[in-house]
Every structure is written in structure tokens, then in C-alpha cells.
Amino acid sequence: MTRMRDEADVVVVGSGPAGWAAADHCARNGLDTILVAPDPARAWTPTYGLWTAQASPLPPGAALVEPTALRASGRLLDRGYAVLDNAAAAAAYAATPVRAMAGRAVAVGGTAVALRTGRLLRCRLVLDARGPLRHPGDRIEQTAYGMVFPQEAAAPLHRPGEAVFMRWDRRRSGWPTFLYAVPLPGGRTLLEETSLARRPGLPLPELKRRLTARLETAGVDPGDRLGAELVRFAMDAPPVEERDGAVPFGVAAGMMHPATGYSVGEALETAPLLAAAVAEALPRGTRAAREAARTQVWSAEARRAHRLRAWGQRTLLRLPPPLVPEFFDAFFALPEHRQDAFLRGRGDPQGTWKAMAAVFGSAPPRLRRAMAAAGLGAVAARPREART
Ligand SMILES: Cc1cc2nc3c(=O)[nH]c(=O)nc-3n(C[C@H](O)[C@H](O)[C@H](O)COP(=O)(O)OP(=O)(O)OC[C@H]3O[C@@H](n4cnc5c(N)ncnc54)[C@H](O)[C@@H]3O)c2cc1C
């Protein structure tokens, strides 16, 4: 067996959606790229949803399940949404020129990665896509409990082929949760009870209980489930621009939308920009490449948009729970371009602010008062982050 060379232009650590996207695009830009992770060829297990407009950087052969319609807060949305076919994505990434290597990093630096086996990988730039950092204490978390059904078994609760981004249980008192429902590859459907953001996350047994009650009310037999999905992740990581000389990317960099918990689509959209900037700068040396990468991951605009999004998250957490569904009713009633700017405008603080101001301006008086009390009132005065 031939041993893989231990030198490359770029080493990417981590084989999640961010790591693979970055490595694929570095290789597409002609950079000799190693991706190292414990099991780099393994298909991801979570159900990953993204806006269809974010999917074009996927490699050829990476398939999506595209719902026939998308609904949220009782409305039919005019936006494309998709679920990644993880098996197809794994096969598509395996066919790229990225040199995938099995290994666990024990030390990650600016130009070298040490593996647990004692092997040392040397390169000119390290991208750290090792996923979430552990932080002590109670975190703001998204939690969800999902069950996977054959499409027909889920039909009493969910129209086959469609996606429901958010269906609130408005009769319920206490912490608000919603149904997230999407078609999966192989004629299956995921039905998931979701707590969007809470400190700490709503416990999974409570979400399971709520989902089971929802299924039983609709006439879906939980006994028909094919499997379960358990979701728990932190949504309050700050931007991280550099760690030990390496440039973090994906959730490792804090690249998660604080108000939705989404990161996959934005990692995909950022990867081509990151890779092109690195390829252009690398002939000038490691420092130039690191700076170019860092600027693509956290541009000044992206940091400002992130602060505004985090403000949106804080507002949500402070709203009286019964008003949370009303908040989303107001959000999804906005014109599509405003929704898009908030949901997808990673480098667009102006658009993010305009969307937030529009929700505030269009909210019914009771909700607007609550939003002002929760801290969003100042958004009407065009905060510093939104100024050019
Ligand atoms: C169940 C679930 C569902 C989610 N659904 C969505 C969704 O629908 N849409 C969305 O946008 N986001 C979703 N998220 C949130 C977030 O986008 C995901 O957590 C996503 O996986 C983050 O991608 P990433 O590549 O940044 O990190 P990760 O996917 O966490 O990947 C980290 C990688 O680093 C590797 N690694 C870790 N330590 C080392 C080491 N020492 N050496 C080498 N490799 C290492 C890991 O093995 C892994 O391959 C979901 C999260 C969960 C948990």
C-alpha cells in the first residue's frame, strides 16, 4: 500500500459539510489539498436543510431532495428549500481530487497538523473545520426530536413531498415549539418537534412527548417510525477568526446563524470565495493566504450582520413565549427579498437590518411593544451595525 504524502498546500481538519466544502473548492482551485478526519468517507447522519440558492457549490453528483412546496407559520413561501442527500454527497466528495485521510488531529497549527498516531502533516495553510468548540455553562441551544416515517405513514400530518419549516402548536402553553417536516431520500419523511433557541435547550424527552402527542392527534402511528433524529447544538458561539495560526471555518469559526441555527448553506456559499482567495494569495506566502482566508470567513460586513442576527436571537429569547409564533407570522409575511436578506444575507448587514426593522414596523401593536421591551425597539433607529 502506498502511503499518502504528508505535505500539501492546504490541510483541512474535519469532514463535516464545512470541511468538505472548503477542501473541494481548494482542490478545484488547483491547490494540493488534504482533508483529515477520523472517518472522512462516512456519510453525514444529521438531516441537513438549506436554501436551494445556496446549493450550487456542491460537487457534481451531490443530490438534493427538493420539496414541492414550502410552508412556514401558515404561509406558502416563495423560496426554494432542499434537504441534502447525505449518501450522494459522500460519494460526490469522494470523487473529488481532495486527498482524504483518516486521522484525529491532536494539535492544529498554522502550517502543521499533528495526528494522534504521531504523524505530522505539513502545509502552507490549515483550515480548522472541527465543528463546535466546547464551552462550559448553559448555552443557548437548538433542540429537536424527530421521527422518520415512510411517506405514506406520515401523510395524516404532512402532505407528501412538501416541506414545513415551522408549524406552531398554538394551543400549547409553556415554551413554544414547532413541527419541522421534510421529505427525505428513499420516500421517507422526517417529522421533528423543534425548540428554536432556548438557554439551555428544551430537554429532548419533552420534545419527544410533544411530538408523540402531535402524531397521535393527527392519526400518525409512532409505531410506524423507521428511526429517530436527536438534535442538540449550541447557537451562541461568537465569531472565531484564528486559532493557533489556523483559520477556522464552519461552526468551528462560529459561522452559524444565531437566529436559525443554520450553517451548512452559508459554509457552502463561502467555500468558493475562501478557496479562490487562498489560491490567489498563497504565492505570496502563508501570512497572505491566512489573511485572505480570514477576510473571506469573517469580513467586516459578515461580523456586522452576525451582530444584528444575534440581536434578533436575543429578542426572541426575551419575548413572552405566547408571542413567539406571532413574531414568525410577521417575519414570514415580509416580502421575499426581506426574508432572504435576514435568512441568507451573511455579508449584508444593511439587508439584515432592513428585514429586522420591517418585522418591527409591521408587527401588531401588542407584539411591537413586546419586541421593544425585549430590546428590538432600537432597530428602528438604524443601529451602528447597519450603517455603511
Ligand atoms: C442533528 C443536527 C441537525 C442539524 N440540521 C441542520 C440543518 O438542517 N441545516 C443547517 O444549516 N444546520 C444544521 N445543523 C447545525 C450545523 O450546521 C451542523 O452542526 C453542521 O454539521 C456543522 O458543520 P461543520 O462542518 O461546521 O461541523 P461538523 O459537522 O460538526 O464537522 C466537524 C468535523 O470535524 C471532525 N473532527 C472533530 N474533531 C477532530 C479532530 N480532532 N481531528 C480531526 N477531525 C475532527 C469531526 O469528525 C467532523 O467530521 C444541525 C446540527 C445537528 C446536530
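With which residue does Arg294 form a salt bridge? In this predicted model, the partner of Arg294 is Glu241, and the closest N and O atoms of the pair are 2.3 Å apart. The contact links distant parts of the chain: Arg294 belongs to helix H6 (residues 286-297), whereas Glu241 sits in the loop between E17 and E18, 53 residues apart. Arg294 is buried, its relative accessible area being 17%. Glu241, with a relative accessible area of 25%, is partly exposed. The two values fall under these headings because buried means under 20% relative accessible area and partly exposed runs from there to 50%.

Arg294 also takes part in a salt bridge with Glu291, in which the closest N and O atoms are 2.7 Å apart. Here both residues lie in helix H6, and because Glu291 and Arg294 are three residues apart, about one helical turn separates them. Glu291 is partly exposed, at a relative accessible area of 40%. Arg294 thus has a contact with Glu241 in the loop between E17 and E18 as well as one with Glu291 in helix H6.

A further salt bridge joins the side chains of Asp128 and Arg243, with an N to O distance of 2.8 Å. Asp128 is in strand E12 (residues 125-128) and Arg243 is in the loop between strand E17 (227-234) and strand E18 (247-248), so the pair ties together parts of the chain that are 115 residues apart in sequence. Both Asp128 and Arg243 are buried. The loop between E17 and E18 therefore holds Arg243, the partner of Asp128, and also Glu241, the partner of Arg294.

Such contacts are in keeping with a general point: side chains of opposite charge can pair when their charged atoms come close. In total, the model contains 30 salt bridges. Salt bridges also link Arg79, Glu269, Glu336, Asp340 and Arg344 in a network.

Charged residues at the surface were examined as well. Lys354, Arg382, Arg384 and Arg387 form a positive surface patch. One of these residues, Arg382, is located in the segment after helix H11 (365-373). Arg382 is partly exposed, with a relative accessible area of 31%. This value meets the area requirement for a patch, because patch residues must have over 30% relative accessible area and no salt bridge.

Terms used
Residues are numbered from 1 along each chain as its sequence is written. This is a predicted model: local features need pLDDT of at least 70, side-chain atom pairs count only at pLDDT 80 or more; totals for chains, interfaces and linings use all residues. Side-chain values use heavy atoms; hydrogens and water are left out. A salt bridge is a side-chain nitrogen of Lys or Arg within 4 Å of a carboxyl oxygen of Asp or Glu. Helices (H or I, at least four residues) and strands (E, at least two) are DSSP runs, numbered from the N terminus. Buried means under 20% relative accessible area, exposed over 50%, partly exposed in between (1.4 Å probe, protein chains only). Patches are made of residues with over 30% relative accessible area and no salt bridge: like charges are joined within 9 Å, nonpolar side chains (Val, Leu, Ile, Met, Phe, Trp, Tyr) within 5 Å. Accessible areas come from the Shrake-Rupley method with a 1.4 Å probe; for residues, only the protein chains shown count as cover. Lys and Arg count as positive and Asp and Glu as negative; His and the chain ends are not counted. The place of a charge is taken as NZ of Lys, CZ of Arg, CG of Asp or CD of Glu.
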